[in-house]
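Work through the exercises below with the structure open beside you. Try each task before you read its solution.

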Amino acid sequence: MAYRNGNYSAFYVSEPFSPSSLAAHATRDFVYYSMLRAWKASDSTFPFNDSHNKNYNVRDGSNWELTLKPRIRERLRSSKNMILFLSSLTKSSRAIREEIDYGINSQELPVIVIYPEYKEKSDIINCQSETFRKQITDLWDKLPIFRNSMHNVPTMHIPNKKNLIRSALNDKDFMISSKCNAGTYFYKC
């Protein structure tokens, strides 16, 4: 069994991939992933261990079945949880469906969902009723595989705030070896 210490980041990048070396880097959801990497680079105590650095990189034109899909699965098997960036630009691409389906339904990885377009806990949930806001549930509908699978594992929903992301990444309830019960969680307002 692989040593599972990585954080696997899932985010939407349009398909087919552009042959430009900057294609993914210019995609907004990729920018949020890069933000985690920058936080780690500037602060070694930031608890992000990038699973995408665990095996060799792939090129945009790589074969899906022979190269891309096996590398996704290898990275997920080396991960203790999954970070999903879910924004208004996210689409249900083949890659993100594979990441979510294999990560949740095969590997049972806890998921930390970061909503990059929202900055406050109250943007995610109605603090009085402790229910998710419609703009959040509408985002789930963009990824049916996520919407239908997220209740199978512990799933934390948080806005794009560094201190909340740090807390979620440090939370043992959202790590494969010590995860809490399956279900949907959020930090109370």
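**Exercise 1. A buried acid and its partner**

Task: Decide whether D50 is buried or exposed, then describe its salt bridge with R37.

Solution. The model is a predicted one.
- Step 1: Take the relative accessible area of D50, which is 7%. The cut-off for buried is under 20%. D50 is therefore buried.
- Step 2: Look at the partner. R37 has 34% relative accessibility, so R37 counts as partly exposed.
- Step 3: Check the contact. The side chains of D50 and R37 meet at 3.8 Å, N to O. The cut-off for a salt bridge is within 4 Å.
- Step 4: Place the pair. D50 lies in the loop between α1 and α2, and R37 lies in helix α1. They are 13 residues apart, and the pair links distant parts of the chain.

**Exercise 2. The span of a helix**

Task: Find out what span helix α1 should have, and compare it with the model.

Solution.
- Step 1: Helix α1 covers residues 28-42, which makes 15 residues.
- Step 2: Use 1.5 Å a residue, times one less than the number of residues. The expected span is 21 Å.
- Step 3: Compare. The end C-alpha atoms of α1 are 21 Å apart, so the two values agree.

**Exercise 3. The buried side of α1**

Task: Which residues of α1 are buried, and which elements do they pack against?

Solution.
- Step 1: List the buried residues. They are D29, F30, Y32, Y33, M35, L36 and W39.
- Step 2: Find their neighbours. The buried residues of α1 pack against two strands, β1 (6-10) and β2 (79-85), and against helix α7 (162-170).

**Exercise 4. More salt bridges**

Task: How many salt bridges does the structure hold? Describe the one between D43 and R166 and the one between E130 and K188.

Solution.
- Step 1: The total is eight salt bridges.
- Step 2: In the bridge of D43 and R166, the closest N and O atoms are 2.8 Å apart. D43 sits in the loop between α1 and α2, while R166 sits in helix α7, 123 residues apart.
- Step 3: R166 has 24% relative accessibility, so R166 counts as partly exposed.
- Step 4: In the bridge of E130 and K188, the N to O distance is 3.0 Å. E130 is in the loop between β4 and β5, and K188 is in the segment after β7, 58 residues apart.
- Step 5: Sort this pair by accessibility. E130 has 37%, so E130 counts as partly exposed. K188 has 51%, so K188 counts as exposed. The cut-off for exposed is over 50%.

**Exercise 5. The disulfide**

Task: How many disulfides does a search of the whole structure find, and where do C127 and C189 lie?

Solution.
- Step 1: Recall the bond. A disulfide is a covalent bond between the sulfur atoms of two cysteines.
- Step 2: The search finds one disulfide. C127 and C189 form it, with their sulfur atoms 1.9 Å apart.
- Step 3: Place the pair. C127 is in the loop between β4 and β5, and C189 is in the segment after β7, 62 residues apart.
- Step 4: Read the handedness. The angle about the S-S bond is -60°, and the link of C127 and C189 is left-handed.
- Step 5: Compare with the cut-offs. C127 has a relative accessible area of 25% and is partly exposed. C189 has 52% relative accessibility, so C189 counts as exposed.

Note on methods
Residues numbered from 1 in each chain as written. Predicted model: local features only at pLDDT ≥ 70, side-chain atom pairs only at ≥ 80, totals over all residues. Heavy atoms only, no water. Helix = DSSP H or I, 4+ residues; strand = E, 2+ residues; numbered from the N terminus. Buried < 20%, exposed > 50% of the residue type's maximum accessible area, 1.4 Å probe, protein only. Contact = heavy atoms within 4.5 Å. Disulfide = S-S within 2.5 Å.
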